[in-house]
Structures are given as structure tokens and as C-alpha cells.
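Reader: I am in my first year and would like a close look at a single part of this model, the place where the two chains meet. Could you take me through it slowly, explaining each term as it comes up?

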Amino acid sequence: MDPGIKIVIVDESPVRAAILEDGLREAGFTQVVRISEMAHLLARIYAIDPDVILIDLANPSRDVLEQMFQVSRIVKRPIAMFVDQSDTASIQASVDAGVSAYIVDGLKKERMKNILDLCISRFNAFSRLQGELDRTKTALEDRKIIDRAKGILMKAKNLSEEDAYALMRNTAMKENKKIAEVAQSVITAAEMFK
Amino acid sequence: MSTSNTRLRIGFIPLADATALLIAVDKGFAAAEGLDIDLVREVSWSNVRDKLNIGLFDAAHLIAPVAIASSLGLGHVKVPIVAPFGLGVNGNAITVSPGLYAAIVAAADGNIIDPMVSARALARVVANRKAKGEEPLTFGMTFPFSTHNYHLRFWMAAGGVDPDEDVRLVVLPPPYMVESLANRHVDGFCVGAPWNSVAVDLGIGFILHFVSEILSRAVEKVLGVRGRWAEENPDVLVRLVRAHHRAAEFVEDPANLDEVAALLAAPNRIGATAEVIRRTLVGRMKVAPDGTTRVSERYLLIGRNGAARPDPAQAAWLYAQMVRWGQAPLSDEFLATAKAVFRPDLYDAAVGPAAPLPSSEPADGIGAFTGPAFDPNDIGAHLAVWKIRR
């Protein structure tokens, strides 16, 4: 890869930006700058004068970057969005992953394709990570709810811990619900009977 | 819902002119047409455009110039878009900081409610700043191909301010406008509802003009679909337009105002207070932090006065602005393509023959506060009138 290519990452998520930066550095791009502050975005970008700008699609400042396409006195080098009209699959993949790329005119398309592919895989990796984190969080919360409901049942029906759990599990199976949902109903009901 | 329902994904930006689309879904007008619409709230016009272009959206709440730029291949990939329904006419306003407001009032030669008076006053303020070696004024707008960009330019250029030389125009996402005005990154902006009202309510902005004072009939947002999609799904398109038409009629019935405002206020819809949305829909706007209000029946037209029927003359006017400011070359082919984006025929096919426009509407379809009547067939002659252009 060409270490001379200067890349700017515009992303308000510091974790995702770091993951992407790591990937780019591993691939041999040494000049990577992250921007997480959106005020005066264009001025910051002009000061860095990058060859490639990567921005996440959840960022409203994408519209600010579109201004760079306009012929303007401030722009040193013309910048275009990386869209290869013949390659809709890669556009689709990048939109799906949630990233968009802008390049300085004249940068070789193949090089850009490498950078974009790397972005897509890193963004997707981040989404998977986020998904796992969300699932872990939910599991942890479910556990807490189930434990509370278990306590309520043990006290109210004078059951052992095992039996209280079995009761909820059987009810959940019968009603085609998750145990956590049944547990939540137990807690709600108990609060109403207070 | 029956299984024969057509599923559609439609993108929108949380602004008051998405009303017809949002109400078509929330009040069941779309469902009544057998349409199961998945609304996707977006954060940027670039996203809306790209997702519509590559087919992730079937249709979109689209800022009108983006539909034209996309069809002409300006600034981006060329994807023909057609607009069978107008989501709003007018609705923008120009808001300035208290400092700039005071400076304009002080420099004004008459009542600044007259856009020519305010534009000439702005020219004096700009000249004074230049003489003192101060930084040029900065104005925010929403997108390079936006009505807001063109409205600001049309107004200030009429007073002798060159929008590229004398001031700075910067793109700002609407949710950042108010903050940028508060921390003085910009001195003013042109944007749609609810953001002007938010600035006034916070005491950091004065609404200088409703855009309806600058152009009496300015197309704002359209329902945009890919030209190819329209050809391949004529029946779905008819149902989609009809659902919007019914929603727009519902919105314009004063008896439904409270319900509409409440629905739009939801956090997954526009997410502003119902009261601010109400103000916008009835055109009774608080224009100054002290509570001064200004009323205009033309503030935002959704279903009334023929606003929903796309008018190719409006598309021609937007294209003329692109030419005037150096975004597009002047050509008969481009003009014809731009006009063909707006499709009154598709609108009529869905809702029936249109009634003649009421006498309140301008004869040239635009009603600019200055300059000759707009001629959609001769952009070159029309532009020759303006001294400031690229």
C-alpha cells in the first residue's frame, strides 16, 4: 500500500474510528487523522488536506462534505465522492456497512477500492461487536429480572430456588414466551399486589 | 393486514414538510391503499439521495433541487428521479442573530419586512464590515443543491450582496443550525421548520423573512422516486400518490390541526413540540424573542392552493438558480430534463383532473419579490436580467 496517502476519518464514535484507524495502519497507511468534533469541519479538513475522507453515514455532517464538490475558492484540490457507476455492489456494501468515502480526484481507483473494502469490513466488524455487546447487556439484565422473580416466587409459594425456576420455565414454554418475559410479569404482578 | 399488501421503504428528514408522508402512514391513508410503509428517519440529504438512488428506499421525502441535480448528474451519480407529488410549497425562513438583526434595522431605509429594504440594508452592513476589515458574515444553509441556498442567494443578491464574494455560505445540517447561531459560527441561516422557531424561542434569533415574502410560491420538498421504479410500478405509484393526496387534505382541515400536530411531535417523527408544529402549519410565527408574531397564510402550503401538484415551471426555476450560481451549464437539454422531473401527469392520473389555481397564486408560478416574471422556457433571457451571477 501507499503510505503517502493521507486519510481523514470523520466519526463521532471514538471506538469505531479507532478500529478503522488500526486497520488502516495495519494495511500500511501511516497518515491517518481522526476528527470527532464537527464544528468547523470543512476548515479542519482543508487544513489537513487529505487524499481520502471517510465518514460514517449516521453523521449529519455528511451534507457538509458535499459542499466540497462545489467549485469554490477555498478548496485546494477537487474532491469527489467515491462512486464507481459500474460497481453498484461496492456502493451498496458501503451503504449497508454505514460508511461513505470521498476522494481527491486523480487517486487511482484500485487503491481506493482497497481502502473502501477495508472500511466496509471494519465497520461490519464494529457492528458485530456492538451487537454482541447489546446481547450481553440484555442477557445480564434478563438474569437480574429472573433472579428477582425467583425470589418473589420462593417467598410467596414457599418453593425451592430450583422449583421456582422450573415453574417459570414451564410457564414460558406453555405460553411460548421468554423466561425473562414471564419473570417480568411476576415482578409486575407482585408490585400490584403490594 | 392482508398478505397482498405492498411493502415500501420511504426515507424522510424530520422537518414539517414531511407532514403529508407522515400523516399518510400514521392516519392509515397508506394502509387503505394496501401500502405497508416502513418510514426511515434519516440524518442527511446525502443519505436520503444515496439510499433512494441505489434502491434501499422506494421513495423519499426529498428536497426538490436534489431530485433535479440527481436527474442531471450534478455533483453525483446520475440517477433519473421523478416527483409525482409535492410535499410542500414555502415553509423556509431566514433567521439572523440579534446582533445582525440590530445592524440590519439600523442600516434600513424603510420597513425591513420588505425584502428589498432588508437586502439593501444587508449590503450596507456587509460594506461597513469590509471597510472596518472585519470577517465576512457567514450564513448557514442545508445543502449545496437546496432551496435554502437559492433562497438566501436570491434575496441577498437583489440587494447587491454577492453570495460568493461578500459573505460566506456554509452547509449546516438543520439540527446544528441553532447551536451554530448560538455560538456565533454563523450570523444567520435559511432553514425549514421547526428550526427557525427553535432559535426564536431560545432568544438567540430573529426571523427576518418568511421565504413566502421573497418568493410567493417556492416549491420545497417533493415525494421522489426513481424514474425506473415509477415505470415498473405504475399501480403502486398511483396508490402512493392517492394516499399522500388524502393525507394532505386531512392536514389542511383546521378541525384536524391538533391531532396532526400531536402525531408529528412524536420523537420518531419530527420530534419538536406540538405547539411549534402548530405554529408552522397555521403560519402564525413568533418572529422575535419578545413574542412578536407575524402571520402569513402562505407560510407553508401542503395540500391547499394546488401546492401538491408538481409544476414544471418550479423545476425550471430551480434549474435556473443552478445555472445562475455556476452549478450547472445552461442548455435546452438540461432544462427539458429538469422540467420532466416534476410530473403533474402522474399526479393527475392518481387524483383526477386538477382544479384551476386560485387567484391568490402568482401568474408566473413563482411570484418573486423583484425582477421580471419568470419565463420557464427562456432561462438565458431570464438570467441576463441579474447583475450578480456566475
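Author: What follows is a walk through the contact between the chains, with the salt bridges as its centre.

This is a predicted model, in which local features need pLDDT of at least 70 and side-chain atom pairs count only at pLDDT 80 or more, while totals for chains, interfaces and linings use all residues. Residues are numbered from 1 along each chain as its sequence is written, chains are lettered from A and ligands numbered from 1 in the order in which they are written, and side-chain values use heavy atoms, with hydrogens and water left out.

Where the chains meet, 24 residues of chain A are in contact with 28 residues of chain B, contact meaning heavy atoms within 4.5 Å. Between them the two chains bury about 2100 Å², of which 55% is on carbon and sulfur atoms; buried area here is the accessible area (1.4 Å probe) that two parts lose on being put together, summed over both.

Two salt bridges are counted between chain A and chain B, a salt bridge being a side-chain nitrogen of Lys or Arg within 4 Å of a carboxyl oxygen of Asp or Glu. In one salt bridge the side chains of Arg62(A) and Asp50(B) meet, at 2.5 Å from N to O. Because Arg62(A) lies in helix H3 of chain A and Asp50(B) in helix H3 (residues 45–53) of chain B, this pair joins two chains; helices (H or I, at least four residues) and strands (E, at least two) are DSSP runs, numbered from the N terminus.

Arg62(A) has 0% relative accessibility and so counts as buried, and Asp50(B), with a relative accessible area of 6%, is buried as well. The word buried means under 20% relative accessible area, exposed means over 50%, and partly exposed lies in between (1.4 Å probe, protein chains only).

For a salt bridge within chain B, take Arg343(B) and Asp345(B), whose closest N and O atoms are 2.9 Å apart. Arg343(B) is partly exposed, with a relative accessible area of 26%, and Asp345(B), at 41% relative accessibility, also counts as partly exposed. Returning to the contact between the chains, salt bridges that share partners join Arg62(A), Glu66(A), Arg49(B) and Asp50(B) into one network.
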